Amino acid sequence: SLAGRAILVDLWPLTQGEMRQRRDAFGERLFGETASLRRLSPERMTRAQYLDAICRGGFPEIHSAGESVRRTWFASYLRTTVQRDALEISRIRRAGDLPRVMKALAARTAEELNLSDVARDLNLPRTTVEDYALLLENVYAWYRIPAWATNLTQRAVRHPKAFVSDAGLAAYLRAATPASLCVPGSSAGGPLLETFVAGELLRQRTWSGVEYDLHHFRDAKGAEIDLILEGADGRVAGVEVKASSTFDDRSLRTLKLVRDRLGERFANGVVLYLGSEILPAGDRLTALPVSALW
């Protein structure tokens, strides 16, 4: 078993920093001085460049591939990982339902997980969907981020969020392309951007100098924070993700609530958006371009 003689490392797709051959440590910086966050020099990117990065994803095999090659690769990846690898782990009766469950999870990426809804939409028994979802999680096709458990409010919602393991894979499963995401009214842009950000923070955590766990927060009144980072020392940082090129301080509402209630435990709150400016937004609150992640 190699117990006591081995270190286990989860190999996620590449981060944006790894692709650029630099050490990205944004999660770590969120627990540092606010002033240092505001002194960052994020890469200037257009909205089109952000959407291309989302749809490209982080798998090294297709890092430099064109769109048509990526589609072919993702199709092959799903066929081998979702169908072959999953079948090696467990004997299931209807292997053809696995891709359907995976596609349903991708349609709900960055949303609270409700497997009863998935089962109803697919016309499958809930127990079957639960088994298949766990199987897909075990082959790293998707993961869940738990709700933040705190006494901040007794009415916090305690359901986890589901995320596809790679934003490019999620985009493929949703038939989203950079061009389709640019169409006004596209509903996929926000969830895919949040999937992209969550993936970057999850991967950075594996080498971060600050130990932290990822959560999300929402209460019964609808107040929410997309991502909560809680350090081993109890300090908390909050991240809101907005698929907009402009900053609206209404997105700070819940971050301010959590800051005021946690006091010194609150390290920083940031809004990551698709603009290019770093904008101070109050005590320990800052709006930053998404590229500040790397």
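This report covers a sheet, two helices and the empty spaces of a predicted model.

**The sheet**

Six strands form an open sheet with mixed pairing. Their order is β4-β5-β6-β7-β9-β8. Strands β4 (212-218) and β8 (279-280) are the edges, and each pairs on one side only. Strands of a sheet pair through backbone hydrogen bonds, either parallel or antiparallel. At one edge, β8 runs antiparallel to β9 (residues 285-289), and two bridges join them. Here L279 stands opposite A287 in β9.

Helix α12 (residues 253-262) lies across five strands: β4, β5 (224-231), β6 (236-241), β7 (266-273) and β9. The helix runs at about 175 degrees to β7.

**Helix α4**

Helix α4 spans residues 47-56. Its buried residues are Y50, L51, A53, I54, C55 and R56. G57 follows the helix, with a positive phi near 75 degrees.

**Empty spaces**

Rolling a probe the size of a water molecule over the atoms shows where empty space is left. The table sets out three such spaces.

| Space | Volume | Nonpolar lining | Polar lining | Charged lining |
|---|---|---|---|---|
| Largest cavity | about 60 Å³ | four residues | six residues | three residues |
| Largest pocket | about 330 Å³ | four residues | three residues | ten residues |
| Second largest pocket | about 210 Å³ | ten residues | one residue | two residues |

A search of the whole structure turns up one cavity of 30 Å³ or more. The largest cavity is lined by 13 residues, and D166, A167, F196, E200 and R203 are the closest to its centre. Two elements, α4 and α11 (189-204), give two or more residues to this lining. Helix α11 gives the most, with five residues.

The largest pocket has 17 lining residues. Nearest its centre lie E194, E224, D226, E240 and K242. Elements supplying at least two residues each are β1 (111-112), α11, β5, β6 and α12. The largest share again comes from α11, with three residues. Strands β5 and β6 of the sheet therefore border this pocket, because each supplies lining residues, and a lining residue has an atom within 4 Å of a point of the pocket.

Which residues lie nearest the centre of the second largest pocket? They are L11, W12, P13, F59 and Y77, out of 13 that line the pocket. Ten residues of this lining are nonpolar, whereas ten in the lining of the largest pocket are charged.

Conventions
Residues numbered from 1 in each chain as written. Predicted model: local features only at pLDDT ≥ 70, side-chain atom pairs only at ≥ 80, totals over all residues. Heavy atoms only, no water. Pairing = 2+ DSSP bridges. Helix = DSSP H or I, 4+ residues; strand = E, 2+ residues; numbered from the N terminus. Contact = heavy atoms within 4.5 Å. Axes fitted to C-alpha atoms, helices over the stretch in contact; angles between N-to-C directions. Buried < 20%, exposed > 50% of the residue type's maximum accessible area, 1.4 Å probe, protein only. 1 Å grid on protein atoms, 1.4 Å probe; cavity = no way out; pocket = protein on both sides within 12 Å on 5 of 7 lines; lining within 4 Å. Points joined across faces, edges and corners; volume = space filled by probe spheres on them. Nonpolar A, V, L, I, M, F, W, Y, C, P; charged D, E, K, R; others polar.
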